[in-house]
Amino acid sequence: MTYAASIAKSSTTAIAATPDGGESELKFLYGWLGSLSLHDRRLIGAAKQAAEWLMADASLRRLARTAPEELDAAFAARGIAIGPDAVRPLWDPDGATASDHAHPAMAGYDRWQREMAAHRAAIRRLGGTATPAFGAWRRRMVARAQGSLAPQVEREIVHAAAAFELASGCSVGCGFCALGAGRLSAVASYDGPTARLWGGMLAALDHAVGPAAATAFAYWATDPFDTPDYPAFVGAFADRFGHLPPTTTARGTDDVDLTRRLIGQLRERGGGPFRISILTTKQLRRLHAAIPLEDLPFVATAIQTRGAATYRIVAGRMIERGAALADDAPGGEGTIACITGFLVNLPERRVRLVSPCVADRRRPNGYRIHDERSFGDAADFADAVTGMIAAAMPMTLAGGAPAQLRPGLVPDAADALLLRDHHAHYRLADTPLMRALVPLLVRGGTCAGVEGVLVAGGHFPFAVKTTLQELFDHGLLADELDVRDGQPANPEIN
Ligand code: SF4
């Protein structure tokens with residue numbers, strides 16, 4: 001008897017599906033841009049300028065609300081290469097008509113946004129094409145994230161298979177850094193031994209994780225532009241996986257030559273996206289001055305200016321410092337930790353297995369650390385990765401495994417077969433076994449202990465095992481890390 005069909009998760013999308021496709025799927029964004037005429041790219045670039053200024057500059061948004069007749073002059077003063085009438089939906093979403101949306105600049109920009117969203121969805125989908133144990137573990141972690149994180153936060157998380165830090169710390173030192181980056185203290189160089197190590201690490205990840213390894217990227221609590229050899233590292237990544245990894249930098253306007261070089265690499269090899277964090281309106285002005293309009297569509301931006309109309313996650317340094325949300329930025333709890341897999345620091349020769357969670361005082365950077373190992377060379381790295389998969393990603397429940405609901409998941413007060421998390425709920429099959437099982441999972445125990453109680457109560461051992469396994473596969477049960485973290489199994493049942 002199977003219970004899979006009866007476990008319905010109804011408040012967010014389904015658990016990741018397994019798609020076709022692989023490396024070439026992530027080339028399309030830049031392929032589409034490359035297929036456009038110069039004129040069309042310039043139109044999109046101009047609309048992008050307007051959108052970025054409206055996002056970054058609260059005074060411009062205020063003007064759009066209170067004195068739209070002054071917008072022409074305000075756009076010109078900021079160097080925006082298009083008039084406000086052509087991009088009305090950006091500043092007057094309620095008043096814009098279908099013909100406003102049909103303006104070639106707006107239509108091109110809308111398409112650009114859809115392509116970016118499709119690219120993100122493709123990365124997330126590719127992440128589901130992993131080797132069996134890694135894939136099953138990822139599905140469980142995705143389910144937890146969907147239950148505990150607000151939908152607008154969770155859908156930004158691509159659950160990439162790995163992130164490689166090519167430096168220790170970050171030179172930028174943003175006060176809002178949601179990953180709590182420390183001071184920059186070391187940077188990897190792409191010299192002979194490191195290049196061989198890098199190639200070996202990518203091969204090991206590819207072998208251990210499968211096609212999903214191609215979703216990895218080469219920054220985290222680091223800035224890629226702190227690593228002068230970044231283009232060489234990501235070039236080797238493209239040699240293996242067929243496309244460049246995503247890049248996000250806050251230094252893209254400091255080193256415009258490197259920005260141009262990356263744009264050139266992306267146009268040639270595909271992948272990305274390439275995103276520049278904009279911390280001040282001065283930087284935005286510099287970006288628009290340095291990059292020709294026709295190349296702006298190759299660069300996405302993350303607007304982080306004071307007064308930005310951007311949703312901010314309270315995590316990392318903001319939690320460490322007990323800081324409130326800055327100015328009028330909307331925001332709230334969550335995480336920006338977007339990998340469900342391996343977090344590697346190359347200079348420190350350290351690899352951790354992590355999954356996203358709501359950032360709080362205990363985990364200010366918004367991820368759980370399931371395991372951590374060090375390595376000296378590529379063979380060590382391969383051993384560490386396969387060892388962590390073997391230790392932390394069981395496919396089947398052992399007798400000593402926790403049999404308790406994952407933290408945050410509780411039966412509804414009026415209906416014990418309806419399990420509720422903060423942002424998801426699950427309907428369980430209405431069977432005598434499930435009715436007997438749920439209270440035991442609330443109390444907590446081991447699988448062997450719970451099975452013993454249920455079998456003594458007349459339930460078939462096979463049915464008990466199958467039901468526990470299905471709940472586990474759907475990510476509804478606590479894992480070993482929860483137990484280590486202080487949610488011990490109930491001794492009465494052990
Ligand atoms: S947000 Fe990015 S650029 Fe800023 S300190 Fe953190 S890692 Fe560095």
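**Figure 1. Val344 and its partners in a predicted model.** Val344 stands opposite Val351 in strand E11. The model shown here and in the other views is predicted. On another strand, Phe164 stands opposite Val344, which belongs to E10. Val344 thus appears in two pairings, one with Val351 and one with Phe164.

**Figure 2. Strand E10 pairs with E2 and with E11.** E2 and strand E10 (residues 339-345) pair in the parallel sense, over five bridges. E10 and strand E11 (residues 350-356) are joined by five bridges and run antiparallel. Gly341 has Val354 in E11 as its bridge partner. E10 is mostly covered, with seven of its seven residues buried. In a regular strand, side chains alternate between the two faces of the sheet.

**Figure 3. The hairpin of E10 and E11.** Four residues lie between the two strands of this hairpin. Look for Arg349 in the hairpin: its phi is positive, near 50°.

**Figure 4. A four-stranded open sheet with mixed pairing.** The strand order is E2-E10-E11-E12. E2 and strand E12 (367-374) are the edge strands, and each pairs on one side only. Neighbouring strands in this sheet are turned by 20° against each other on average, direction ignored. Is edge strand E2 (residues 160-165) buried or exposed? Six of its six residues are buried, so E2 is largely enclosed by the rest of the structure.

**Figure 5. A three-stranded open sheet with parallel pairing.** Its strands follow the order E5-E6-E7. Strand E5 (247-249) and strand E7 (300-303) stand at the edges. Each has a single partner strand, so one side of each is left without a neighbour in the sheet. The twist averages 25° from one strand to the next. Strand E6 (residues 274-278) and E7 run parallel and are joined by four bridges. Find Arg275 to see one pairing: its bridge partner in E7 is Ala300.

**Figure 6. The shell around the ligand.** Which residues are around the ligand? They are Cys170, Val172, Gly173, Cys174, Cys177, Leu179, Ala181, Ala221, Thr222, Asp223 and Ala250. By class, eight residues of this shell are nonpolar, two are polar and one is charged.

**Figure 7. Gly457 in a loop between two helices.** Helix H17 (447-456) and helix H18 (461-473) are linked by the loop that holds Gly457. Why does Gly457 count as exposed? Gly457 has 12 other C-beta atoms within 10 Å, and a residue with 12 or fewer counts as exposed. Leu433 is 24 residues apart from Gly457 along the chain. The C-alpha atoms of this pair are separated by 9.6 Å.

**Figure 8. The whole protein chain, for orientation.** The chain has 19 helices and 15 strands. Its radius of gyration is 24 Å, close to the 23 Å that the globule rule gives for 494 residues, so the chain is as compact as a globular protein of that length. Along its principal axes, the C-alpha trace spans about 80 × 55 × 45 Å. Buried residues make up 46% of the 494 residues. Now consider the contacts with a separation of 6 or more: residues 24 or more positions apart account for 73% of them.

How values were computed:
Residues numbered from 1 in each chain as written. Predicted model: local features only at pLDDT ≥ 70, side-chain atom pairs only at ≥ 80, totals over all residues. Buried ≥ 20, exposed ≤ 12 C-beta atoms within 10 Å, placed from the backbone. Near = placed C-beta within 6 Å. Nonpolar A, V, L, I, M, F, W, Y, C, P; charged D, E, K, R; others polar. Pairing = 2+ DSSP bridges. Axes fitted to C-alpha atoms, helices over the stretch in contact; angles between N-to-C directions. Rg over C-alpha atoms; globule rule 2.2 N^0.38 Å. Contact = placed C-beta atoms within 7 Å.
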